[in-house]
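Here's a quick tour for anyone about to open this one up. Take a look around first, then read on for the chain-to-chain contact, the domains and the charged pairs.

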Amino acid sequence: MRTSNATSLDPFAFEWPPVFHNYVTAWSQAHFSQYLLNSTIVAIGTVVLVLAVAFPAAYALSVLRLRLSSPVFYTFLLGLMIPVWSVVIPLFFQLRNMGLINTRLGAVLVETAIGIPFAIFLLRASLRDLPYELVEAARIDGAGDLRTLWSIVRPLVSPALQAVVILQFMTSWNELVVPLFFLQTDDVRTLPIGLTFFQGRFTTDTSVLAAGTTLAALPVLIVYVVLNRQFIQGLTAGATK
Amino acid sequence: MIPRSPRSTFWRAGPIAVAVALALGAAACGTTTGGGNSDGSSGGLKVGDKATLTVVSQFGDNAALQPVLTKLNEAYEAAHPEVTVTIQFLSADDEQKTLPTSLASGSGPDIFDYDAAESALGELATNGLVAPLDTYVDKYGWAKKMEPSVLDRAKYDGKRYGVPRSSEAVGLFYNAAIFAKYGIEAPTTYAAFLAAADRLKAAGVTPIAFGNKDQWPSSHLIGAALHANTPMQTIRSLESLDGSATWADSGVQASMEIARTWAANGYLTSNFNGVAFDDAFKAFYTGRAGMFVEGTGVTPDILQNATKPGDFRFVSFPMIDASLKQQAEGGVGGAWSISASSKAADIAADWIDFVHFSDTAEAAWLKAGVLPTSRFDTSKVDVAPLLQQNVDVVRAAQNGGGIGAWTGYTSSALVTEAWNGAAQQFLGRSQDAAAFAATLDDALAQARKKK
Amino acid sequence: MSADTFLERPAAVSPGRAAPTHHRRRDNHAGVIGYWLVLPAATIYVAFTLWPILQTVYLSFTDWNGLSPAKSFIAFDNYRELLGDERFFGALLHNLEWVAGSWLAQGLGLILAALLSASWIRARTLFRTVLFVPATMSLVVVGIAWNQIYQPDTGILNGALEAAGMHGVGWLSGQHTAMPAVIATANWTYYGFAMVILLGGLQSIDRSLYEAASVDGAGSFSQFVHITLPGIRNQITLLVVLSFINTLKTFDLVYIMTNGGPGHATEVVAYYIYSLAFVTHQVGYGAAAAVVLTLIVLVITVVFLRLRERSDR
């Protein structure tokens, strides 16, 4: 018989913070270091890829006055609106046909595709403020679009870019559905799924679960705290228009 | 109007065309059909050939059983150096979500351990995703090593599709220390059960630990009443898509009503629909409840987590209808099956035979708390008393009226879905037995029609 | 010519016929590289999102169960069935309740943002950081933690209520309390984001406007309505749109906390879709539900943005 979505994690019933040896158990017992490595690879890979493709795309759609920018933008936005469970099955078949099941590359590509719409949405709001004259001036000076993008535009929308980095990192790190289907073996599995293994079907080793959860949440928290200022700036700058 | 030069049109249209072509090309083979051959032939590698097999096990969240399987696998690999078997551990939940799609796409494992119910393995089988095992049953003599009725639990449309892995039965756990403290008689008859519940309630101890937030525990509670009060034939018919019994049958409804009276009399944990199974279970094995109506599957956790495991006893749930022989809700916990698109089915069957039927395996599983499905002589193995009581209950039912089914969780996923929410309302008394039965029958009718 | 100024940049050139040649030349030149810049994102997006979406639409016209290769084309049957599906509309209603609830979170965010933007606040950054933390947490962890808080016997919510002399309830087991309880948890994760966005907006309003208004004798309420609110219009629009899209898709908390129960009291559309595809193996029907949901989101979003833009004019 199945189940257990909930656990008997009772935050006030055991010693907090959990005793050190629980961290050690959490670390060694369930291949924690491997999961941590995988989560890191997938999260960083996704962030880099999202930035690399969404930034030029957002730039093209918001600064360069392309004729199709509105329909293209809405097409991207569509990706935000569909619940992931509806597309998982066709997506699974597709990745399988491409030989990408159970590969970190496959997971990165899928998470990137999921992350592109929001990244474009956020970057576009910042980019719309850029005066077109700036681009023109650069062009007159002989700079190609890519060069303009890197040297001139990038510093101006840096906060928004950082917001994308942090939000995408957070999303990828906490992602459940994609790893569930596309990263099933231990060598590629990520942390959130690994955590559910601590939840026994009938009971839970509470203290070890707490230690494991803390370890898993730590990287995101660290990233958030360290990059907090830029992140907030990026979000607010992105929303000022 | 200045005509656009052909060159600039190319530059504009180019990227769009390339994007679409690339993307569609990459996804071109992305059709939603399976890729394996499901013609049932065991063409492929033979025993002795070099091979790599993958196994999906549902022990992901069962830390006690993982090492057992891993060790047995190592033993098999040692005896067959040309074979490499990798085991993927998933939790039962995750497996239920991902395995059907994996199998349907042809990229699933060779061997998998799945719920043997008609609604689970049966559905995979009728959709051509599972390899029939009849040739192997004959080859390895599984029908002799196992009760035919048990083996037949994985029989769908006349073919056998799985080797049931563990026997499970729902019975009655009770805390002997609490009973002794209040001078309560052991609940070996229904009258004693009710008396115990009243005494515990009066003493301020939760009579029956029960947490139904996860929805499935209601299947064990109501099922216990059902199996204690309704003839096995009716139960089997009810839980089969080929049967004719319905939930509205008076005998069935009467049994469900009995479970409801337990709730009405305050015998169950208060606000049980908001209490998770884990928490109710914990309350029981930490001595805060007197009884627990559950299956043998929870025994390993009691043995491992209770501070005083020696306090606990397990007995058959007492029959309510005294004219019936001892029956028990339950079934088989899981079954080993082979994927229809596996290219190493022969080797897979050989692996299953070792990992399930060999003496080393049987002893290892029993010690870990898994009750055997075969005719294995359990007296050969030294086990904890509680575990022995588990075996006794299972054998008592098998020798009596039989082990029935997992109430509401056997015939079809549609019925299970209907059961989950409706049982919460039924036990919570916002819906009466007739309405509950009607909901279930709607789903059952739909499932039977689809077949 | 697009219709919503919120998402489109404001026209630098006045609409109409001014300098068409100049315009077109700019457009031509930009188009050269422009579309190529979109290409990588478009490729990945089309391959891994758009194409699966189109396949889902196709599946919605079949009776596929996700298991066997066989699927038959049944045209609009799924949609017809959906129209009469009480459970679907019940789920939709729950989503709408969720949306309404999220506005409370945004209200809270506004209040906090207003407080934090007051000039006399010290350690603003610290407060802002701490208050934002719930928004960074994985929903699994949030769900597990709040499950414990709502526990009827051992949870701290009931504990606090009992201590205050009131009676605790089964929050997640009550037909009428379960949905609000889950929504409250969701709001706990939403308010931080709203707060940050609105804070940025508030801080960018020109202070001198307030001073001028005070001089003119306008009270704080009037100042709020006529200066503050218009000043954060864009932020409010952003929040409304995003929260609408997200709450209509919401799934995780229901999955972790209640599984849609008790009964179907907390079932939301995304959960229903999941259960159709993965529990009862009705992939075709689930696809139809997904298409309908997406269309609803799309239509309302577009309508809202156009209305907004019209009121801008």
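A word on accessibility before anything else: a residue is called buried under 20% relative accessible area, exposed over 50%, and partly exposed in between. By that yardstick B:K145, with a relative accessible area of 32%, is partly exposed. Keep in mind that this is a predicted model. The briefing starts with chain C, moves to where chain C meets chain A, and ends in chain B.

**Chain C on its own**

- Chain C is a helical affair: its secondary structure comes to 13 helices and 0 strands.
- Walk along the sequence and the pattern reads α-α-α-α-α-α-α-α-α-α-α-α-α.
- Chain C has 313 residues, and 55% of them count as buried.
- Take the contacts in chain C with a separation of 6 or more, and 68% of them turn out to involve residues 24 or more positions apart.
- The domain assignment splits chain C into domain 1 (21–59) and domain 2 (76–312).
- Between the C-alpha centres of those two domains of chain C there are 32 Å.

**Where chain C meets chain A**

- On the chain C side 82 residues take part in the contact, and on the chain A side 81 residues do.
- Together the two chains bury about 7200 Å², with carbon and sulfur atoms giving 70% of that area.
- Which helices of chain C each supply at least two residues of the side that touches chain A? They are α1 (20–59), α4 (124–136), α5 (139–149), α7 (178–203), α10 (233–249), α11 (252–257), α12 (269–278) and α13 (283–312).
- The largest share of that side comes from α1(C), which puts in 26 residues.
- By class, the side of chain C that touches chain A divides into 53 nonpolar, 22 polar and 7 charged residues.
- As for specific pairings, the count between chain C and chain A is 0 salt bridges, while 7 residue pairs are in polar contact, both partners at pLDDT 80 or more.

**The two domains of chain B**

- In chain B the domain assignment gives two discontinuous stretches each: domain 1 is 5–166 + 333–376, and domain 2 is 168–330 + 404–450.
- The C-alpha centres of domain 1 and domain 2 of chain B lie 32 Å apart.
- Contact between them involves 9 residues of domain 1 of chain B and 14 residues of domain 2 of chain B.
- The area they bury between them is about 850 Å², and 44% of it is on carbon and sulfur atoms.
- Which three residues supply more than any other three of the area that domain 1 of chain B buries against domain 2 of chain B? That would be B:E118, B:S119 and B:R153, with 50% of it.
- The side of domain 1 of chain B that touches domain 2 of chain B has 3 nonpolar, 4 polar and 2 charged residues.
- Across this interface there are 0 salt bridges, but 5 residue pairs are in polar contact, again with both at pLDDT 80 or more.

**Salt bridges**

- Over all chains, the structure holds 12 salt bridges.
- One of them pairs the side chains of B:D134 and B:R160, at 3.3 Å from N to O. B:D134 sits in helix α5 (residues 134–140) of chain B and B:R160 in strand β5 (residues 159–160) of chain B, so this pair ties together parts 26 residues apart in sequence.
- B:D134 is partly exposed at 23% relative accessible area, whereas B:R160 counts as buried at 17%.
- Another joins B:K145 to B:D353, whose closest N and O atoms are 3.3 Å apart. Here helix α6 (residues 142–145) of chain B holds B:K145 and helix α15 (residues 345–357) of chain B holds B:D353, so the pair links parts that are 208 residues apart in sequence.
- The partly exposed member is B:K145 at 32%, and B:D353 is buried, with a relative accessible area of 14%.
- B:R260 and B:E257 form a salt bridge too, with the closest N and O atoms 3.7 Å apart. They are 3 residues apart in helix α12 (residues 250–264) of chain B, so about one helical turn separates them.
- In that pair B:R260 counts as buried at 15% relative accessibility, and B:E257 as partly exposed at 29%.
- Shared partners also make a network: salt bridges join B:D134, B:D152 and B:R160 into one.

Note on methods. Residues numbered from 1 in each chain as written. Chains lettered and ligands numbered in written order. Heavy atoms only, no water. Contact = heavy atoms within 4.5 Å. Buried area = accessible area lost by both parts, 1.4 Å probe. Salt bridge = Lys/Arg side-chain N within 4 Å of Asp/Glu carboxyl O. Polar contact = N/O pair within 3.5 Å; in protein donor to acceptor, adjacent residues only side chain to side chain. Helix = DSSP H or I, 4+ residues; strand = E, 2+ residues; numbered from the N terminus. Nonpolar A, V, L, I, M, F, W, Y, C, P; charged D, E, K, R; others polar. Domains from an automatic or database assignment. Buried < 20%, exposed > 50% of the residue type's maximum accessible area, 1.4 Å probe, protein only.
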